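Let's take a walk through this structure together, one stop at a time. Keep the 3D view open as you read.

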Amino acid sequence: MSEPADRRYGPATLPRARGPLSAAVVEALRRPPHDLPADLGVDLDPADPFTDEDLQLTLFLCYELHYRGWLGVDESWEWQPTLLALRARCERVFEAALRRLVGAPPVPAAGVAAGLAELVAADNGPALAATLQRRADLTQFREFVAHRSVYHLREADPHSWALPRLGGPAKAALVEIQTDEYGNGRLDRMHAELFRRTLDRLGLDTGYGAHVDVAPAVTLATNNLMSLFGLHRRLRGALLGHLAAFEMTSSLPNRRYGNGLRRLGFDEMATRFYDEHVEADAVHEQIAAHDMCGGLVRVEPALASDVLFGAAAGLAVDRLFAAHLLDNWAAGRSSLRAPAPPALPPRVSLVALPAVAPPAPPALV
Ligand SMILES: [Fe+2]
Ligand SMILES: [Fe+2]
């Protein structure tokens with residue numbers, strides 16, 4: 001298996017399996033496309049789909065074939081019918097769990113934008129952002145960044161799946177948001193690239209998908225949720241609702257993340273990703289709620305409840321994610337799966353560090 005020419009952009013290396021289902025998929029993907037056994041995954045019934053490592057990794061393995069693929073994996077696997085059937089089984093379990101988690105939020109008479117505002121106002125999740133701002137140590141901050149890298153290195157991509165599925169005002173509003181996310185076509189301003197600098201400053205691997213192996217089920221679930229909504233046209237309302245909730249709960253937490261890094265002594269290069277979102281998402285939240293979701297529901301009124309379901313699901317899974325980090329830290333544990341990211345020293349300056357001469361080999365006697 002050869003290394004990709006540039007690890008920054010993927011594809012990533014296949015992760016390690018986490019149970020029998022993901023093991024079967026990883027093994028299959030290493031070989032040319034072929035039919036999977038028909039009984040694979042038929043008895044899928046995890047106690048908690050959001051923390052089930054095998055289920056969430058299996059979904060992630062399948063979804064990634066639609067993004068950058070996996071290193072050394074035949075690209076024809078993307079549309080292999082038996083793998084799609086297995087993915088569909090996993091999705092049914094995941095979607096049913098999401099609907100149990102948040103139910104069907106009612107659409108208020110004032111409209112979908114008001115419904116989104118109500119959901120966000122009622123979102124009193126664990127205080128992850130405040131902890132990162134005030135108390136988290138460098139190790140914990142690096143863990144947080146490693147978790148989030150699974151999404152931020154492909155930031156905005158899942159919501160772009162909505163573009164060909166929409167017309168009219170919702171599409172125009174989504175394009176306006178995504179244009180910012182993709183740096184208005186400037187590579188160095190793409191949010192994914194700003195995040196790569198944060199990873200670099202914190203001494204973490206900047207390669208696409210580099211931290212998937214240490215990302216636990218709940219982190220993968222925050223990503224799988226977007227892919228589930230993005231890859232099913234019937235869930236386009238939920239996808240836009242998810243994006244709206246994301247934008248509406250972004251500005252203040254990002255201010256806190258940036259302040260947390262400054263407290264730990266990091267410079268503007270490290271905080272720029274977060275600083276950028278303080279202003280950008282204050283604007284995006286208005287566009288997302290009123291122009292995008294409001295515009296969608298003006299054209300397709302039947303999608304109003306889906307919009308609120310997607311928003312509620314995004315907020316709820318993010319609360320599970322925050323609780324996972326805080327609970328582990330409170331217990332004195334890492335929130336990542338072993339192994340921890342390599343403990344490189346944080347980079348505090350763009351000035352190249354002086355080259356360190358390798359130790360001299362022992363003299364032969
Ligand atoms: Fe962004
Ligand atoms: Fe945004």
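**From the pocket to the iron ions**

Helix 5 (128-134), helix 6, helix 10 (217-230), helix 11 (236-248), helix 12, helix 13 and helix 14 (304-330) each put at least two residues into the lining of the largest pocket. Keep in mind that you're looking at a predicted model. Among the contributors to this lining, helix 14 gives the most, with 7 residues. The largest pocket has a volume of about 910 Å³, and 47 residues line it. To find its middle, look for Arg148, Thr249, Pro253, Tyr257 and Asp318, the lining residues that lie nearest the centre.

Tyr257 is a handy place to move on from. The rings of Tyr257 and Phe144 have their centres 4.8 Å apart, and because their planes meet at 50°, the pair counts as tilted. This pair links distant parts of the chain: Phe144 belongs to helix 6 and Tyr257 to helix 12 (residues 251-263), with their positions 113 residues apart in sequence. Phe144 is buried, and Tyr257 is buried too. Both rings are part of one aromatic cluster, formed by Phe141, Phe144, Phe195, Tyr257, Phe273 and Tyr274. If you count ring pairs with centres within 6.5 Å, you get 10 aromatic pairs.

Now for the metals. Which residues coordinate the iron ion (ligand 1)? They are Glu155 (OE), Glu181 (OE), His191 (ND1) and His277 (NE2), at 1.8 to 2.1 Å. Why is the arrangement irregular? The 4 donor atoms subtend angles of 83 to 165° around the iron ion (ligand 1), whereas a tetrahedral label would need all angles between 85 and 135 degrees. Along the chain, the donors of this ion follow the spacing E-x25-E-x9-H-x85-H. Glu155 sits in the loop between helix 6 (138-152) and helix 7 (157-160), while His191 is in helix 9 (residues 191-201), so this pair ties together parts that are 36 residues apart in sequence. Glue these two into your mental picture as buried residues: that goes for Glu155 and for His191.

The iron ion (ligand 2) has its own set of donors: Glu181 (OE), Glu247 (OE), Glu247 (OE), Asp281 (OD) and His284 (ND1), at 2.1 to 2.5 Å. Glu247 appears twice in that list. In sequence, the donor residues of the iron ion (ligand 2) are spaced E-x65-E-x33-D-x2-H. The iron ion (ligand 2) lies 4.1 Å from the iron ion (ligand 1), and Glu181 coordinates both. Distant parts of the chain are linked here as well: Glu181 is in helix 8 (residues 168-181) and Asp281 in helix 13 (residues 268-299), 100 residues apart. How much of these two is accessible? Glu181 has a relative accessible area of 5%, so it is buried, and Asp281 is buried with a relative accessible area of 1%.

Stay with the loop between helix 6 and helix 7 for a moment, since Ala156 lies there too. Ala156 isn't a glycine, yet it has a positive phi of about 85°. Its relative accessibility is 2%, so Ala156 counts as buried. Asn184 also has a positive phi, near 50°, and is likewise a residue other than glycine. You'll find Asn184 in the loop between helix 8 and helix 9. Buried or exposed? At 51% relative accessibility, Asn184 counts as exposed.

Next, look for two spots where a charge meets a ring. The charged end of Arg154 sits over the ring of Tyr67, 4.0 Å from its centre. Arg99 lies over the face of Phe309, at 4.0 Å from the ring centre.

Arg154 also leads us to the last stops. The residues lining the largest cavity are Ala12, Phe60, Glu64, Ser149, Val150, Leu153, Arg154, Tyr208, Gly209 and Val212. Helix 2 (53-64) and helix 6 are the elements that give two or more residues to this lining. The largest cavity has a volume of about 60 Å³. Finally, head for the segment before helix 1 (20-29), where Pro11 has its place. A cis peptide bond joins Gly10 and Pro11, with omega at about 0°.

How values were computed: Residues numbered from 1 in each chain as written. Chains lettered and ligands numbered in written order. Predicted model: local features only at pLDDT ≥ 70, side-chain atom pairs only at ≥ 80, totals over all residues. Heavy atoms only, no water. Donors = N, O, S within 2.8 Å, 3.2 Å for Na, K, Ca; no water. Tetrahedral: all angles 85-135°; square planar, octahedral: opposite > 155°, others 65-115°. Helix = DSSP H or I, 4+ residues; strand = E, 2+ residues; numbered from the N terminus. Buried < 20%, exposed > 50% of the residue type's maximum accessible area, 1.4 Å probe, protein only. Phe/Tyr/Trp six-rings, centres within 6.5 Å; stacked < 30°, edge-to-face > 60°. Lys NZ or Arg CZ within 6 Å of the ring centre and 35° of its normal. 1 Å grid on protein atoms, 1.4 Å probe; cavity = no way out; pocket = protein on both sides within 12 Å on 5 of 7 lines; lining within 4 Å. Points joined across faces, edges and corners; volume = space filled by probe spheres on them.
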